[in-house]
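New to this one? Have a look at the sequence and the fold below, and then we'll walk through a few of the parts together.

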Amino acid sequence: MPDAFLDELRETIRTIPDFPIDGIMFRDISPVLSGGGLLAKVTDRFVEDIEKLGWEPDVIVGPEARGFIFGPLLAERLGIGFVPVRKPGKLPADTHSVEYTLEYGSNVLEMHKDAISEGQRVVIIDDLLATGGTISACAELCQASGGDVLGALFLIELEGLDARSSIAPIPAHALLEFPA
């Protein structure tokens, strides 16, 4: 079924070949962020889709950097809190820490130990699902604090990288799919 919003969104995202390294087709969402009103429409669609999926989160978790864009907007719209997941040394209180792999390297993420309470329902949000490393790390951090991860939301999912099986059993929902 045609969806004018998703068509507009797809046309707005630009592809940059060989960035940040050769062989990567980088999906640049900068035009989405600067396109008058498109970011609000993305947030609206995420709210609609969360309701359709039956997810009722207590908190939204987003990794830096682009999870920091979509996460607070979604959390505000839902009337719930936002929890940042950051690179090492950026959070001032005691943290949980997880090392993970990306589609072109590895990294470490941290979250405050007291950011999520036992039994809180969590939805993780990020701009892109590629290999699933970032989301798996976020889920591990949430679970270390006793959170229940309901699912993960993305603007884009890269096809053919088998990310959904690597983050299983966490359900994933993406607005758009692009070839890897």
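What follows is a short tour of a predicted model, taken one region at a time.

## The sheet

Let's begin with the strands. Five of them form an open sheet, in the order E4-E3-E7-E8-E9, and the pairing is parallel. Strand E4 (81–85) and strand E9 (172–179) sit at the edges, each pairing on one side only. On average, neighbouring strands in this sheet are turned by 20° against each other, ignoring direction. In general, strands of a sheet pair through backbone hydrogen bonds, in either a parallel or an antiparallel way.

Now look at the E9 end. Strand E8 (residues 148–159) pairs with E9 in the parallel sense over seven bridges, and Leu-158 stands opposite Phe-178 in E9. Lying across E8 and E9 is helix H1 (residues 4–12), which runs at about 50° to E9.

## Helix H4

Helix H4 covers residues 67–78. Its twelve residues should span 16 Å at 1.5 Å a residue, and the end C-alpha atoms are indeed 16 Å apart, so the two values agree.

Which residues of H4 are buried? They are Gly-67, Phe-70, Gly-71, Leu-74 and Ala-75. Seen down the axis of H4, these buried residues fall within an arc of 125°, so they line one face of the helix. As a rule, an α-helix has 3.6 residues a turn, so residues three or four places apart point the same way. The buried residues of H4 pack against H2, helix H3 (38–53), E3, E4, strand E7 (121–129) and E8. Just after H4 comes Gly-79, with a positive phi of about 75°.

## Glu-64, in a loop

Glu-64 is in the loop between strand E3 (59–63) and helix H4. Is Glu-64 buried or exposed? Its relative accessible area is 19%, and because the cut-off for buried is under 20%, Glu-64 counts as buried.

As for its company, the side chain of Glu-64 makes a polar contact with the side chain of Arg-86, at 2.8 Å. Leaving out residues up to four places away in sequence, Glu-64 touches Val-85, Arg-86, Lys-87 and Lys-90.

## Val-32, in helix H2

Last stop: Val-32, which lies in helix H2 (residues 30–34). Val-32 counts as buried because its relative accessibility is 0%. Setting aside neighbours within four places in sequence, Val-32 is in contact with Leu-9, Thr-12, Ile-13, Leu-38, Leu-39 and Val-42.

How far apart are Val-32 and Asp-58 in space? From C-alpha to C-alpha they are 27 Å apart, with their positions 26 residues apart in sequence.

How values were computed:
Residues are numbered from 1 along each chain as its sequence is written. This is a predicted model: local features need pLDDT of at least 70, side-chain atom pairs count only at pLDDT 80 or more; totals for chains, interfaces and linings use all residues. Side-chain values use heavy atoms; hydrogens and water are left out. Helices (H or I, at least four residues) and strands (E, at least two) are DSSP runs, numbered from the N terminus. Buried means under 20% relative accessible area, exposed over 50%, partly exposed in between (1.4 Å probe, protein chains only). Contact means heavy atoms within 4.5 Å. Two strands pair if DSSP finds at least two bridges between them. Axes are lines fitted to C-alpha atoms, for helices over the stretch in contact, and angles run from 0 to 180 degrees between N-to-C directions. A polar contact is a pair of N or O atoms within 3.5 Å; within protein, one must be able to donate a hydrogen and the other to accept it, and residues adjacent in sequence count only if both atoms are side-chain atoms. The expected span of a helix is 1.5 Å times one less than its number of residues. The arc is that of the directions from the helix axis to the C-beta atoms.
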